[in-house]
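Trainee: I am new to this structure and should like to be guided through it by questions. May we begin once it is before us?

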Amino acid sequence: MKKKLEKMLDTIRMEARYTASYTGRATFDKRVMQAMQDVDRGDFVADSYKSQAYDNGPLPIGNGQTISQPYIVALTTDLLDVNADSVVLEVGTGSGYQAAILGKLVKQVYSVERISELAASSEKRLKQMGYDNIQVRCVNGYRGWQEKAPFDAIIVTAAATRIPQDLIDQLRPGGRMVIPVGLPYTSQELMLVTRNEQGDTDIESVLGVVFVPLVDNN
C-alpha cells in the first residue's frame, strides 16, 4: 500500500506540472499534499475497488456516483486556498473522501449530499474515523447550507449547469468557490469563483473536466 500511495502522490505532482499552463499551479501546497498522503483513499471505496484505490482515476461508489481522481481532489483543494481557521461548504459528499481531505486542513466542514444513502454512509464513516469537524446533511446541493453561512470557501464535487446564486450568496467576501460547470458527461469547465469585499464576483475557467451532474431536486 505504501508504494501505491507514493506512486499516487508522484502522479499528482506530475499532473500538476503538466497542467500548470492552465491552472497556474505547477505545485500544490505542502499541507494539501500532506492531507492527500494522510487520508487513505482505500477507506472510501468498496472492497472490489481496493486494488484500484490509488490509481489516478474516478471509481464508482454506488447510486450512479463516483469518487474523483486524486489529482482533481488535490487541485480543487489547492485552489480553495484554505487555512486552519477556514469554514468550508462541500456540495456533494459522495464517499466522504473530499470532506476528509478538507477536515485535515480547516476548522469546520459542512457537507451536503442529496442521496440519503450516501449521506448516511459517509456521515457514519467519517465519525468512525474520528472526524469531529465534519457535519453532513442530506439536502439539495443547489441550495447550500444557509444556516451555516457565510463560508470562507465552497467546493462543489458535481457539475452544475449554472453557478447557483444561492452558493454565491453564501460565500463570504474574500472567499473562493471551485465548481465544475457544464452539461452532464460532456464538455465541462472547472471554474474558480472569487467574491470581493463589495460582494462582486470574478469567474475564471481553470481546466476542462468531466464530473457527474449536480442535480437540482426541488
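Mentor: Let us begin with a definition: buried means under 20% relative accessible area, exposed means over 50%, and partly exposed lies in between. Please also keep in mind that this is a predicted model.

Trainee: With that definition, is R13 buried, partly exposed or exposed?

Mentor: The relative accessible area of R13 is 36%. Buried would require a value under 20% and exposed a value over 50%. R13 is therefore partly exposed.

Trainee: Which side chain meets R13 in a salt bridge?

Mentor: The partner lies in helix α1 (residues 2-18), as R13 does, and the two are three residues apart, about one turn of the helix. The partner is also partly exposed, with a relative accessible area of 44%. The N to O distance is 2.9 Å, and the residue is D10.

Trainee: How many residues apart in sequence are the parts that R176 and D81 tie together?

Mentor: The side chains of R176 and D81 meet in a salt bridge at 3.7 Å, N to O. R176 lies in strand β7 (residues 171-182), whereas D81 lies in the loop between α4 and β3 (87-91), so the pair ties together parts whose separation in sequence is 95 residues.

Trainee: Is R176 buried or exposed?

Mentor: The cut-off for buried is under 20% relative accessible area. R176 has 18% relative accessibility, so R176 counts as buried.

Trainee: Which helix gives the largest share of the largest nonpolar core?

Mentor: This core has 52 residues, and those with the most contacts inside it are I12, M36 and Y97. The largest share amounts to seven residues, and it comes from helix α4 (residues 70-80).

Trainee: Which residue of that core touches both I12 and Y97?

Mentor: Residues up to four places away in sequence are not counted here. Among the other residues touched are L5, M8, P70 and V73. The residue asked for is M36.

Trainee: In the hairpin of β1 and β2, which residue takes a positive phi?

Mentor: Strand β1 (residues 59-62) and strand β2 (residues 65-67) run antiparallel and are joined by three bridges. G62 stands opposite Q65 in β2. Two residues lie between the strands, and the one with a positive phi near 60° is N63.

Trainee: What radius of gyration does the protein chain have?

Mentor: The C-alpha trace spans about 50 × 40 × 35 Å along its principal axes. For 218 residues, a compact globule would have a radius of gyration near 17 Å, and the chain agrees with this, at 16 Å.

Notes:
Residues are numbered from 1 along each chain as its sequence is written. This is a predicted model: local features need pLDDT of at least 70, side-chain atom pairs count only at pLDDT 80 or more; totals for chains, interfaces and linings use all residues. Side-chain values use heavy atoms; hydrogens and water are left out. A nonpolar core is a set of buried Ala, Val, Leu, Ile, Met, Phe, Trp, Tyr and Cys residues joined through side-chain atoms within 4.5 Å. Buried means under 20% relative accessible area, exposed over 50%, partly exposed in between (1.4 Å probe, protein chains only). Helices (H or I, at least four residues) and strands (E, at least two) are DSSP runs, numbered from the N terminus. Contact means heavy atoms within 4.5 Å. Two strands pair if DSSP finds at least two bridges between them. The radius of gyration is taken over C-alpha atoms; the globule rule is 2.2 Å times the number of residues to the power 0.38. A salt bridge is a side-chain nitrogen of Lys or Arg within 4 Å of a carboxyl oxygen of Asp or Glu.
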